[in-house]
Amino acid sequence: MPSEANNGVGVQVEDTKICVVMVGLPARGKSYIAQIAQRYLQWLSIPAQTFNVGNYRRNDAPQPTADFFDTNNAEGERKRRAAAVAAVADMMAWFRSGGVVGILDATNSTKERRKWVADTCTAEGVEVLFVESKCDDDDIIMANIRDVKATSPDYRGQDPEEAAQDFRKRIVNYEKIYKTIDADGDEDAYTYLKIMDVGKQVIINHIQDYLQSRIVYYLMNLHIRPRSVWLSRHGESQYNLHGRIGGDTLLSQRGELYARKLPELVRESVGDDRPLTVWTSTLKRTIATARFLPQHYNQLQWKALDELDSGVCDGLTYQEIKDRYPDDFAARDEDKYNYRYRGGESYRDVVIRLEPIIMELERSEDILIVTHQAVLRCIYAYFMKKDQTKSPWMNVPLHTLIKLTPRAYGTEEVRYEANIPAVSTWRGKGSTAKHENPTPESL
């Protein structure tokens, strides 16, 4: 019997290969959707890769003007076709090497191009899922244009207004040939998801299996409106002072100072008028840290945001764990992501229980999350596309507010230091059983 890939989340990827084909005009959030779909799947330990045709095209045309995309530009058409062929060829090679979900990020705006992609994938035994983003909301389109001109390699170093004007001309050129997926014609047999006006309407057609359904459910929860997510650990706790893990203790004196300073950091980053929702865990130290935030912020407590359950080791120091359970201490050092405390959890378990949180985050606007070290490591790894096996070793310091802003070409990060001393709760991989100062690699 064929073996099932061990991704730890119950998703059967046995012999499954899916090509997610993005469809739509420029400035409709395709690259953004492609990037976050990839990071979601990788976060679930499902091998996923994005193949951006624009990156291949930039080998021949690094910073083209809108005329390059004119349908009457034969040389431009030749180069764009060559880029698509190269991207698909690399994707097929990646599938043959063990890839599970490949995401083809391009406009794929004509029926002919979509048929070619579908035929190429089918010949290789790869399922095809078209994902079309349609949007006629001028405000959202303009926000995406501003994002693209600021982050796209096509406009690096160019005057922002000139870049925006050129990008609008590029959209006009694509509008001349763009055909939406035809639900009533020869494309009715395709498997596809249409997202209309940022999720106001969703159309699903011929979804075939569990993994496709999983991807579609995630994409249905997305929106492409600009937003940020703020992350903060609770203030320094009494257990932090003594090097103990877990528990449900109160804040230390310095932790109290951070709780009082947090509203100032948030105001500096968020502003006074921007609405914000605050999520905490159900444990005392996160609730206490958030209690001085403005009253008009809606606050919600999530059990799913509680710290990693350390089971029989709850309340112990790392030295006590090493003395009482030396084999467990060594096993956790060897594979910290998969190691499960006796009667407790692993980091992989935390990722599984955080999936509803991630879904809700993608549905929401601006959110501030006040939670715990292990939980923040998992959430941070999701947004920053970090290798899950390395995430348990990342340094997420106390008394720091982290602002993450998802963009089409990655997530921007800004950190706000409270400048209130706190102990380090980071411990490096190896034989040490004490908290240490973090290494440069963990920062």
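Let's start with the company H234 keeps: leaving aside its neighbours within four places in sequence, H234 is in contact (heavy atoms within 4.5 Å) with N240, R285, T286, T289, V370, T371, H372 and L398. With R285, the side chain of H234 also makes a side-chain polar contact at 3.2 Å. Here a polar contact is a pair of N or O atoms within 3.5 Å; within protein, one must be able to donate a hydrogen and the other to accept it, and residues adjacent in sequence count only if both atoms are side-chain atoms.

A quick word on the source: this is a predicted model, where local features need pLDDT of at least 70 and side-chain atom pairs count only at pLDDT 80 or more, while totals for chains, interfaces and linings use all residues. Residues are numbered from 1 along each chain as its sequence is written, and side-chain values use heavy atoms, with hydrogens and water left out.

So, is H234 buried or exposed? H234 counts as buried because its relative accessibility is 3%, and buried means under 20% relative accessible area, with a 1.4 Å probe and protein chains only.

Why pick H234? An unreviewed UniProt entry lists H234 and E307 for "active site". They are spread over 74 residues of sequence, yet they cluster in space, with a largest C-alpha distance of 10.9 Å. Such annotations may be inferred rather than shown by experiment.

Now over to E307. E307 is buried too, because its relative accessibility is 18%. Beyond its neighbours within four places in sequence, E307 is in contact with eight residues you can find on screen: L283, R285, E345, R353, H372, Q373, A374 and V375.

Notes. Buried means under 20% relative accessible area, exposed over 50%, partly exposed in between (1.4 Å probe, protein chains only).
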